[in-house]
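Student: I should like to work through this structure with you, one question at a time. Please reason from the arrangement of its parts to each answer.

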Protein chains: 2
Amino acid sequence: MTTQNPTAAVLVIGDEILSGRTKDTNTNTIARFLTAMGIDLMEARVVGDRPEQIMEALNALRAGHDYVFTTGGIGPTHDDITADCVAQAFGVPLPEHPEAVAILERRYGDDFNAARRRMARIPVGASLIANPVTEAPGFQLGNVFVMAGVPAIMQGMLQDVAPRLKTGAVVHSGTLKVSGVGEGTVAEILAEAARTNRALSFGSYPFGAGTQGEFGTNLVVRGQDVSAVAAAVQDLQWTLIEAGVSVTPL
Amino acid sequence: MTTQNPTAAVLVIGDEILSGRTKDTNTNTIARFLTAMGIDLMEARVVGDRPEQIMEALNALRAGHDYVFTTGGIGPTHDDITADCVAQAFGVPLPEHPEAVAILERRYGDDFNAARRRMARIPVGASLIANPVTEAPGFQLGNVFVMAGVPAIMQGMLQDVAPRLKTGAVVHSGTLKVSGVGEGTVAEILAEAARTNRALSFGSYPFGAGTQGEFGTNLVVRGQDVSAVAAAVQDLQWTLIEAGVSVTPL
């Protein structure tokens, strides 16, 4: 499957993900968001709260992709160092942003203390990303979108990010559920379909292994041409039926 | 927090993670497994089913860490290319492994077809990793552990991997739940605690933002010295109480 779609990477920042304390759900949310917009997520990385590691990953990813989405590390506490690292990676200062100060002053009033002022520091040249949940903004600098780690906030920020992105050809998919046989039973049929449809991608995803319930394999056909995907799914379904395999379109 | 613990990285392989179709849960499972053994997970990456990208990530991670754990791409279908990529990254052939063939022949009998034979290909020099669920083995080559993507199988394989790993000093943690105030209210107290306890790490994790329920912040103290962690948690609790903050040890 070849596309000319914009490409993207995700950079998840936080020791709490690497220790296992917190499960990252943001990568999946961003992946689905991008897939729906025809932007190809090529890579995701999780790094800890270490400046060198954050900057190295950020510089590698922003050089290699059209867009980079970071999550985490933009709160008010001492371990929130993402803005500092992004500014340093781009080589720009990190002053207080007047609009961010105004937003936070309005929200916190007398509780707008020194710690919360840290959240108003925005790299020079960046534009703010609105936070519809707790108001403290994220920011966009070049092709990098810096968002919060709290999933509800990150999801809110994506709504403000969406109109800024070039979209591509959406990838359509069709799924056939094959029940009661493993991947190995249908692998040759699937490989043959892949060989004869180079413009599409064919994936095989087993389910139910290690459980007492139903087991089988979901076969997924993906491509930018919706009618080619539909035709390939139908061909695959017939081939499986002829081979005596129980198959259900999903 | 400085440690001399072994370090590790996770490499998740599969287009289905990057498209958002499948949620990766293996990284969190491995993270908790390693934390319990005193091995520091430093980095995780997700890459697609692209040989160049898999090999580049694998070579970067295996050079930089004591251990690398890969998940995904070792099934029988044409898109399962992890073993090929690992062999090529190490510059070794990928013949059928007699023990793997025997395991799979025993399991599949007359259904041991060409596709399933692919799962018996193991890089020269690798040792097998037992699969207690569906039997098709993973393998260890040097400091790289190649495991299945299906979570139940991956978890089973970790049990066979565990005895092969050097363990380190386990990181202990203590958590204080601060209710009804945001991170910014306790940030300065937490930063001061971090400044005076350089051997420990202090993290702040807000909860409940954007929901109608309880909100607040979990403060987590971590370190290798269990009594130092306990003392720091107690100090922090008293400081918060003196500041009029509602706090509960978890």
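Student: Across which strands does helix 8 of chain A lie, and at about what angle does helix 8 run to strand 8 of chain A?

Tutor: In this predicted model, helix 8 of chain A covers residues 183-196. Helix 8 lies across strand 7, strand 8 and strand 9 of chain A. Its direction relative to strand 8 of chain A is about 170°.

Student: Which strands of chain A does helix 9 lie across?

Tutor: Helix 9 of chain A spans residues 226-242 and runs at about 15° to strand 7 of chain A. The strands it lies across are strand 7, strand 8, strand 9 and strand 10 of chain A.

Student: In what order do these four strands form their sheet, and which are the edge strands?

Tutor: The sheet is open, its pairing is antiparallel, and the order in chain A is 8-9-7-10. An edge strand pairs on one side only, which here applies to strand 8 (201-207) and strand 10 (247-249) of chain A. From one strand to the next the twist averages 25°. The order is thus 8-9-7-10, with strand 8 and strand 10 of chain A at the edges.

Student: Which residue of strand 10 of chain A stands opposite Lys177(A)?

Tutor: Strand 7 of chain A, residues 172-179, is joined to strand 10 of chain A by three bridges, and the two run antiparallel. Opposite Lys177(A) in strand 10 stands Thr248(A).

Student: How many strands form the sheet that includes strands of chain A and chain B?

Tutor: The order of this open sheet is 4(A)-5(A)-6(A)-3(A)-1(A)-2(A)-2(B)-1(B)-3(B)-6(B)-5(B)-4(B), with mixed pairing. Its edge strands are strand 4 of chain A and strand 4 (127-129) of chain B. The twist averages 20° from one strand to the next. The number of strands is twelve.

Student: How many bridges join strand 2 of chain A to strand 2 of chain B?

Tutor: These two strands run antiparallel. Within strand 2 of chain B, Val47(B) is the residue opposite Glu43(A). The number of bridges joining the two strands is five.

Student: What area is buried between chain A and chain B?

Tutor: The size of an interface is often given as the accessible area lost when the parts come together. Here 55 residues of chain A are in contact with 55 residues of chain B. Carbon and sulfur atoms give 54% of the buried area, which is about 4,200 Å².

Student: Which residues of chain A lose the most area to chain B?

Tutor: Three residues together account for 14% of what the side of chain A buries. They are Leu18(A), Arg21(A) and His78(A).

Student: Which residue of chain B meets Asp15(A) in a salt bridge?

Tutor: Across the interface of chain A and chain B there are two salt bridges. In one of them, the N to O distance is 3.9 Å, inside the 4 Å cut-off. The partner of Asp15(A) is Arg222(B).

Student: How many residues apart in sequence are the parts tied together by Arg107(A) and Glu135(A)?

Tutor: The side chains of Arg107(A) and Glu135(A) meet in a salt bridge at 3.5 Å, N to O. Arg107(A) lies in helix 5 (residues 98-108) of chain A, whereas Glu135(A) lies in the loop between strand 4 and strand 5 of chain A, so the parts that this pair ties together are separated in sequence by 28 residues.

How values were computed: Residues numbered from 1 in each chain as written. Chains lettered and ligands numbered in written order. Predicted model: local features only at pLDDT ≥ 70, side-chain atom pairs only at ≥ 80, totals over all residues. Heavy atoms only, no water. Pairing = 2+ DSSP bridges. Axes fitted to C-alpha atoms, helices over the stretch in contact; angles between N-to-C directions. Contact = heavy atoms within 4.5 Å. Buried area = accessible area lost by both parts, 1.4 Å probe.
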